[in-house]
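Thanks for coming, everyone. I'll show you a structure and then walk through what holds its parts in contact. Please take a look.

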Amino acid sequence: MRYSIKEGMLSWLLHRLTGIGIFIFLIIHVMGAIYLKIGPEEWNHHVELFNTPFFRVAEVGLMGAILWHGLNGLRIIIIDFSGIRTSHFAKFLFWIIVFLTILLMLPGTYILLKPLFEGVAG
Amino acid sequence: MSILVNLRSRQGFIEMLRVFRIQRFNPEREPNQWVDEYTLEVNEDDKILDILLKIRDEVDTTLGFRASCAHGVCGSDGMMIDGLNRLACQTFVGDVPGRKPINIAPLKGVPVEKDLIVDMDPLLDKVKSVNPWVVAKEHKAGERELLMSQEDFEKIEDMTKCIWCSCCTTSCPSLWSDSDYLGPQALVMAARFILDTRNEDAEKIIEKVGGLDGVFRCHTIGNCTDACPRDIDVTGAIAAVKKVLLQGIDNEDKFSNIVWEKGDEKE
Amino acid sequence: MNKHQYDVIVIGAGGAGLSAVAAIPKGLKVAVLSKLFPFRSHTGAAQGGISAALGNLEEDNPLWHAYDTVKGSDYLGDQDAIIQMCNDAPDAIFDLERKGLPFSRLGNGKISQRPFGGHTKNWGESPVRRACHSADRTGHMILHTLYQQALRRETNFFDEFQVVEIITKDNSCCGVVAVKLSTGERHVFHSKSVILATGGYGRCFKVTSNALSLTGDGMAICYQKGIPLQDMEFVQFHPTGLHPLGILITEGARGEGGILVNSRGERFMERYAPSIKDLAPRDIVSRSIYEEIKAGRGIDAKDFVHLDLTHLGRKLLDEKLPDVTGFARTYLNIEPADEPIPVKPTTHYAMGGIPTDVDGRVIIDPDGSIMHGLYASGECACVSVHGANRLGTNSLLDLVVFGKRAGQHASIYSESSKLSELPSDAGYDSESFLQQVRSNTRGPKVYEIREKMQEIMMDYCSVFRNEEGMKKCASLLSELREDFQKVTISDKSNFYNYEMMAAFELSCMLDVSEATLHGAMLRKESRGAHSREDYPDRNDQDWLKHTLCYQEKGNDPTFKFKNVNLGKFEVKARVY
Amino acid sequence: MSYKKVPGTFAWWFQRISGSFLIILIFIHFIDVHFIFGVENLEYETVAEKWNKPFWRIMDALMLVFGMIHGANGIESILLDYKKIRKYKAYWFFFIRAISAVTIIIGSWIIVTFSPEEGSVAKYESPVAEMRDESGSHE
């Protein structure tokens, strides 16, 4: 029989998964920067990748992961240092950051995907 | 394996039929765990513990679970009911909404001995390992109490409520993945004795709660606080220990360790 | 059979047992046996406080405390023991405080105190604030503090061992036989002295504030070995048990200002105890509640009244009575700050038990002969500080003070004596009992007998008793005892066999119920918690004496009488 | 009196500090990539222009160092939660730390030693860069 997943455990699971994902992305990202040392043409070829539709959509995911990880990190810091009774406060913060993540995702997604639609329109 | 019985609960009018799915384990009978189903006529406000007692009395006398005070102050009957750790004597049929079966399983993360009985020794060893006691000067005749302010009492009051039911420790995902972790219960005890202004051995406790199995394995998940039947702010207590590790203890108390002699009763 | 050797064995790890452990020097080998885990013991359910004349808030005096206790006991308490207890009380509190007990504090850093039932100043003038408390979970704190200190001194704990027999030889006790619950193995603990601290027997009654485990085991195993039980007819009913579950609502709720009201909204205690009203001793309040119910003034004409805390305000309730308000919320879905709590009397405490002297030594006859090496303390013992009725908070004081004294004396005794040889038939009685239960094939189940017994004890032997009802009860009880000979269990294994344990506990409950019932039939007067409808008055001439109840196998028990130790305080009528 | 010596305290504290910094740094990074420069113009000369100012080099270097240490620290704390992995803790930790060390070294080597040849910038001069230069000069 499984333990039911409530707010706290869900945020912790997401925090771990997004953390691992961001870490791997960061490594790949830095390794990609080696093209800068190889030469201008190679670099420019590399950054064209960032403009592909697939990468644009993937970047929405990355942004979501970073937003969640960052905001949840802030939540943990607040829980650790505020000294406020945690039980309801932690859940309240959880829903706050769910709201904030969605709120910030909306303009972010628009910015990220705008060129795609422009491309389709154009 | 599934047993279906119809039983009338002991109290009052009958409102509905509910199915209780109880996870069983008996190494003498079968090497693996299995689930038994019991159908009972119950009320919304029947305690889960009463239902378990009823089943043990009248249907299957081999059903194993611990119980003592039956009103939430002894902490014997911690178990996983409907996916959450709680005390069976504080959980009611109505707490599991709808008509779905009520799942009852032993606490997770510790070895199961029989049915709902778990091995308490690893849990107790964890608590014992943090020196959960006050070390103050022995009381001599003629001396009165050590003074302590109401604020200092309130700082530890929440944690002193702990009844050692282990619902918190066994709800912690960090413990499920690694049984060596000290766990919330031990850390609450550590917090209670570190923050107690009368304790002269607080630093010994501080040395014990750091490290690989210690307080930093807490990831602020909060399952423990949800599970605590005594409404202790478990995660908050652990955060307090972390803060002590970072900043040191601040026991600059106006009363700390003043012994009040019988002679100076007049103020 | 596994054998262990120790200097001192403590049976029961509640407040009394652990106080005894704390008093035993480290050099002695100590084992603590408990059928639960020590921190599950029922001391943890005590709520209101532990009284001591500290005088932190107003003038107080240990002698006033002693006077209140004597008066509360309806003059049946032994006055030397009471004065001893009340004089030791302040030091016991300070000692507990040094051990780490977190008492609630006053603004000046001293221990906070609150008024409690029957505690008065100036020889009964007005209520006094005497009960030291830690919110409303004082017992919990005492239990845990003592357990923590026992861990600190590295005591050997044997958790989940059910003691089934004490081993006696030539008027001395040389050990116990216990069954390990998880394996069913029998262990013999051989020792120089044994301290019994096994608690009460509230589970003999249907409505009780006591834990499932309080089945009078310690009393019964002594009773079966020819040791008498003293004053068993006195069973305290706590006036404010949550209706209908019987869960305790502390007297501290009334100490903080709560009042009892009937269906007309009257504060009826003004009529029964004009001077201290709701803070009258428990027997008086319990009887008053029943009088109100009999007169048809129970709420909705049913069998309960209301405890009104609404005028105290939410803040005070959350601060001073967090647990009991929590119980009301959890179990009845009632918010005590907004509506009154339904309460009715619930079986709470056994004043009687194994007779002991002030050092905890078990006495076996009216002359005060002693069973060497056997000690008892706590609720299972009867030093007779509670007499016919215990005052609130005195039980915690009893177990701390006399637990400590028993521990001290037992260690002195153990240091000066040698291990005596075990008799060859050690453990024979319990062995044959368990074998018989296991071999029965057709007969009633354990719970059937237990439920019947709880019902008849509640119906005929609770707050009000009369000859007719008790005679009926006695014949029903002896029928149940006969049925019990044929009791069958379906779980024959040795592995966590709770059914076997329940059968053993039932045998103990039947024994102590018998002693209680026959004691109540014998005592033809009303005194303290024992009130006879057919003998409504106290009779000091014939009955100012303790009863000692001896078991006769297959027959009704026989009784001997022991004198009450009077002295300092004169026997007077008991009015509040 | 401080107990920073208790093992784990520093890692825990650093995780919170670096995390807070990273939130700010990554926010700025998002702004500069998407608003100041634009993802579609991340050509060689844009980078060259950006890294002309030491401010951006320091920013990126900080993000790299904090990000990798924060990440490695986080992964280590995840690994520590699993008893089976902890048996081979030394190898795992070496592996994780080696990866982050290599990444940090490569990254900072790129950031520190990056010096675009004048010619290559001129060769790849794009209209967009010009536009930005003009808008810059308007201020």
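Start with one residue, F39(C). F39(C) is buried, with a relative accessible area of 1%. Keep in mind that this is a predicted model.

Which ring does F39(C) pair with inside chain C, and how are the planes set? The partner is Y147(C). The ring centres are 5.3 Å apart and the planes stand at 55°, so this pair is tilted. The two residues are 108 apart in the chain. F39(C) sits in the loop between β2 and β3 of chain C, while Y147(C) belongs to helix α4, residues 138-152. Y147(C) is buried as well, with a relative accessible area of 1%.

Now cross over to chain B. The structure holds 35 aromatic pairs over all chains. One of them is W164(B) with F39(C): centres 5.0 Å apart, planes at 45°, and so again tilted. W164(B) lies in the loop between α3 (150-160) and α4 (173-177) of chain B, and F39(C) is in a loop of chain C, so this pair joins two chains. W164(B) is buried, with a relative accessible area of 0%. Put the rings together and you get a cluster: W164(B), F37(C), F39(C), Y147(C) and F157(C), linked by ring pairs.

Next, the chains. Which pair of chains has the most contacts? Four pairs touch, and chains B and C have the most contacts among them. Some chains stay apart. Chain A and chain C do not touch, with their nearest C-alpha atoms 16 Å apart. Chain C and chain D do not touch either; there the nearest C-alpha atoms are 24 Å apart.

Stay with B and C. A salt bridge crosses here as well. R98(C) pairs with E143(B), and the closest N and O atoms are 3.0 Å apart. R98(C) is in helix α3 of chain C, residues 79-99, and E143(B) is in strand β9 of chain B, residues 143-146. Are these two buried or exposed? Both R98(C) and E143(B) are buried.

Look at helix α3 of chain B too. Its buried residues are D152(B), F153(B), I156(B), E157(B), D158(B), M159(B) and T160(B). What do they pack against? In chain B, against α5 (183-195) and α8 (234-247); in chain C, against α4.

On to the nonpolar cores. In soluble globular proteins, nonpolar side chains tend to be buried together. The largest nonpolar core here has 107 residues. The members that touch the most others are V130(B), W164(B), V209(B), L18(C), I50(C), I93(C) and I142(C). Helix α3(C) gives the largest share, ten residues. Why does this core lie between two domains of chain B? Because domain 1 (2-118) and domain 2 (121-266) both give residues to it.

Take V209(B) from that list. Leaving out residues up to four places away in sequence, V209(B) touches V130(B), L182(B), L187(B), A190(B), G214(B), V215(B), V241(B) and L245(B). Apart from the largest core lies another, of 80 residues. Its members include V179(C), I221(C), M371(C) and A381(C).

Last topic: charges. The count is 78 salt bridges over all chains. In chain B, D196(B) bridges to R192(B), with the closest N and O atoms 2.9 Å apart. Both D196(B) and R192(B) are buried.

In chain C, D283(C) and R574(C) meet in a salt bridge, 3.0 Å from N to O. D283(C) lies in helix α8 (282-294) and R574(C) in the segment after β22 (558-563), so the bridge ties together parts 291 residues apart in sequence. D283(C) is buried, with a relative accessible area of 4%. R574(C) is buried too, at 14%.

That bridge has company. Salt bridges link D74(C), E233(C), D283(C), R287(C), R523(C), E525(C), R527(C), R538(C), D540(C) and R574(C) in a network.

Two charges also sit over rings. R56(B) lies over the face of F65(B), 4.2 Å from the ring centre. K545(C) lies over the face of F561(C), at 4.3 Å from the ring centre.

To close, go back to W164(B). This residue is in the ring cluster with F39(C). W164(B) is also among the members of the largest core that touch the most others.

Technical notes:
Residues are numbered from 1 along each chain as its sequence is written. Chains are lettered from A and ligands numbered from 1 in the order in which they are written. This is a predicted model: local features need pLDDT of at least 70, side-chain atom pairs count only at pLDDT 80 or more; totals for chains, interfaces and linings use all residues. Side-chain values use heavy atoms; hydrogens and water are left out. A salt bridge is a side-chain nitrogen of Lys or Arg within 4 Å of a carboxyl oxygen of Asp or Glu. Helices (H or I, at least four residues) and strands (E, at least two) are DSSP runs, numbered from the N terminus. Buried means under 20% relative accessible area, exposed over 50%, partly exposed in between (1.4 Å probe, protein chains only). Rings of Phe, Tyr and Trp (its six-membered ring) pair if their centres lie within 6.5 Å; planes under 30 degrees apart count as stacked, over 60 as edge-to-face and the rest as tilted. A charge sits over a ring if NZ of Lys or CZ of Arg is within 6 Å of the ring centre and within 35 degrees of the ring normal. A nonpolar core is a set of buried Ala, Val, Leu, Ile, Met, Phe, Trp, Tyr and Cys residues joined through side-chain atoms within 4.5 Å. Domain bounds come from an automatic or database domain assignment. Contact means heavy atoms within 4.5 Å.
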